[in-house]
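Hi everyone, thanks for letting me take a few minutes today. Please have a look at the screen while I get going.

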Amino acid sequence: LQGELHIHQKSILGMSSYQLQQRAIDLKSQKEMLTNAIHLWKQISDGYALVDDKSQEIMRMKQHNETLKRQISDLEAQTEGMQKQCEELKYAYTLSKSQDVMYLRKDLQEGVSCSVCGATHHPFHSDTMLDQSKLIGDMKRDFEQAETDLKHKMNALAELVKEQATEAGKIEIAFEALTIYKKTLEENVLQWEKFASIDHSFKDCSSSTNFDGRRVMLQQLMEKTTIDAEKSKEELDSYNFHQTSINNLNERLVLKKQEKNDLITRINEVNTGCQVLASKLEHLQQSLARANNNLHKLYEEMDGMIPI
């Protein structure tokens, strides 16, 4: 038992239970800190990416919105011109159907002042009623075509206005999302201060940080800490095993010592009994010697007194 005890004591020589437990606790805490740091850093890097992507998306949407505004402005100008042209064609067509105008128009001559308006240029002048009817038909066709084109332009303008309004709504929603992303990112950056002590390079947490490099570094630290934590746990388990064995052996040694003491006590008692018996034996031997001596003397006396 003492030899086995010596082996266990030699295995944990120089070790301290408190230090081993403290180291295991520290490594476990560090591992948990690194786990939280990796999770938070992923949120921060994703947050910067979201903010950047959302900002670029808003920039593209704003450019598209400005393009739509310019197209709407151009279409409004075109529509306004077409409306005026359509109104002029409608007025000319409506006026051309009047009998008085038809009557007056037949007397018009190019270069000669009109008796109504005084104009010398007469684009709608015709010499005959047939020509006037044809001219009225052309004017009707031109008016209807202009009206159709105007409707198409108005429809296109309405679609553009609708699209621009939708785009403006999307921009507003994107701005709200960007604000939320930035607020969440700011909160995560503030929380990162708790992990800045892990490494001196971790203090910087701006958009210019090498996100992949820090992620790899955190992963390497996690792997190293995990290995150290497992090794520390194994050392603590081994220490506890040897210490438990030492305690058990000490208990068994105590029992063996008690058993030894009991045996010593019994041996002493036997030795005492043996000494008592030895003393009695010596006394008996002395008595026997005296008896033999007396008998020898008596025999000699009897031998002298009684002849053969």
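I'll go from the overall fold to the aromatic residues, then the salt bridges, the cysteines and a patch on the surface.

Before anything else, keep in mind that this is a predicted model. Okay, the big picture. What is the secondary structure of the chain made of? There are 5 helices and 0 strands, so if you read along from the N terminus, you get α-α-α-α-α. The chain has 308 residues, and 24% of them count as buried. About 22,500 Å² is exposed, and 55% of that comes from carbon and sulfur atoms.

Now, contacts. Take the ones in the chain with a separation of 6 or more: 77% of them are between residues 24 or more positions apart.

That brings me to the aromatics. The whole structure has 5 aromatic pairs. Let's take Trp 41 and Trp 192: their ring centres are 5.1 Å apart and the planes sit at 45°, so we call this pair tilted. Trp 41 belongs to helix α2 and Trp 192 to helix α4, residues 129–192, so the pair ties together parts that are 151 residues apart in sequence. Are these two buried or exposed? Trp 41 has 2% relative accessibility, so it counts as buried, and Trp 192, at 1%, is buried as well.

Trp 41 also pairs with Phe 211, and this pair is tilted too, with 5.6 Å centre to centre and 35° between the planes. Here the link runs from helix α2 to Phe 211 in helix α5, 170 residues apart. Phe 211 is buried, just like Trp 41. And if you zoom out a bit, you'll find one aromatic cluster made of Trp 41, Tyr 48, Trp 192, Phe 195, Phe 202 and Phe 211.

Next, charges. How many salt bridges does a search of the whole structure find? It finds 6, and I'll show you some of them. In the first example, the side chains of Lys 42 and Asp 46 meet at 3.0 Å, N to O. Both are in helix α2, residues 17–96, and they sit 4 residues apart, about one turn of the helix. Lys 42 is exposed at 51% relative accessibility, while Asp 46 is partly exposed at 35%.

Staying in helix α2, Lys 54 and Glu 57 form a salt bridge at 3.2 Å, N to O. They are 3 residues apart, so about one helical turn separates them. Lys 54 is buried, with a relative accessible area of 15%, whereas Glu 57 is partly exposed at 29%.

Over in helix α5, Asp 228 and Lys 224 do something similar: 4 residues apart, about one turn of the helix, with a salt bridge of 3.0 Å, N to O. Lys 224 is exposed, at 52%.

What about disulfides, how many are there? The count is 0. As for individual cysteines, Cys 205 is buried at 10% relative accessibility, and Cys 274 is partly exposed at 44%.

Last stop, the surface. Which residues make the nonpolar patch of about 540 Å²? They are Leu 295, Leu 298, Met 302, Met 305 and Ile 306. Ile 306 lies in the segment after α5, which covers 211–305. Ile 306 has a relative accessible area of 53%, and since the cut-off for exposed is over 50%, it counts as exposed.

That's my tour, thanks for listening!

Key. Residues are numbered from 1 along each chain as its sequence is written. This is a predicted model: local features need pLDDT of at least 70, side-chain atom pairs count only at pLDDT 80 or more; totals for chains, interfaces and linings use all residues. Side-chain values use heavy atoms; hydrogens and water are left out. A disulfide is a pair of cysteine sulfur atoms within 2.5 Å. Buried means under 20% relative accessible area, exposed over 50%, partly exposed in between (1.4 Å probe, protein chains only). Patches are made of residues with over 30% relative accessible area and no salt bridge: like charges are joined within 9 Å, nonpolar side chains (Val, Leu, Ile, Met, Phe, Trp, Tyr) within 5 Å. Accessible areas come from the Shrake-Rupley method with a 1.4 Å probe; for residues, only the protein chains shown count as cover. A salt bridge is a side-chain nitrogen of Lys or Arg within 4 Å of a carboxyl oxygen of Asp or Glu. Helices (H or I, at least four residues) and strands (E, at least two) are DSSP runs, numbered from the N terminus. Contact means heavy atoms within 4.5 Å. Rings of Phe, Tyr and Trp (its six-membered ring) pair if their centres lie within 6.5 Å; planes under 30 degrees apart count as stacked, over 60 as edge-to-face and the rest as tilted.
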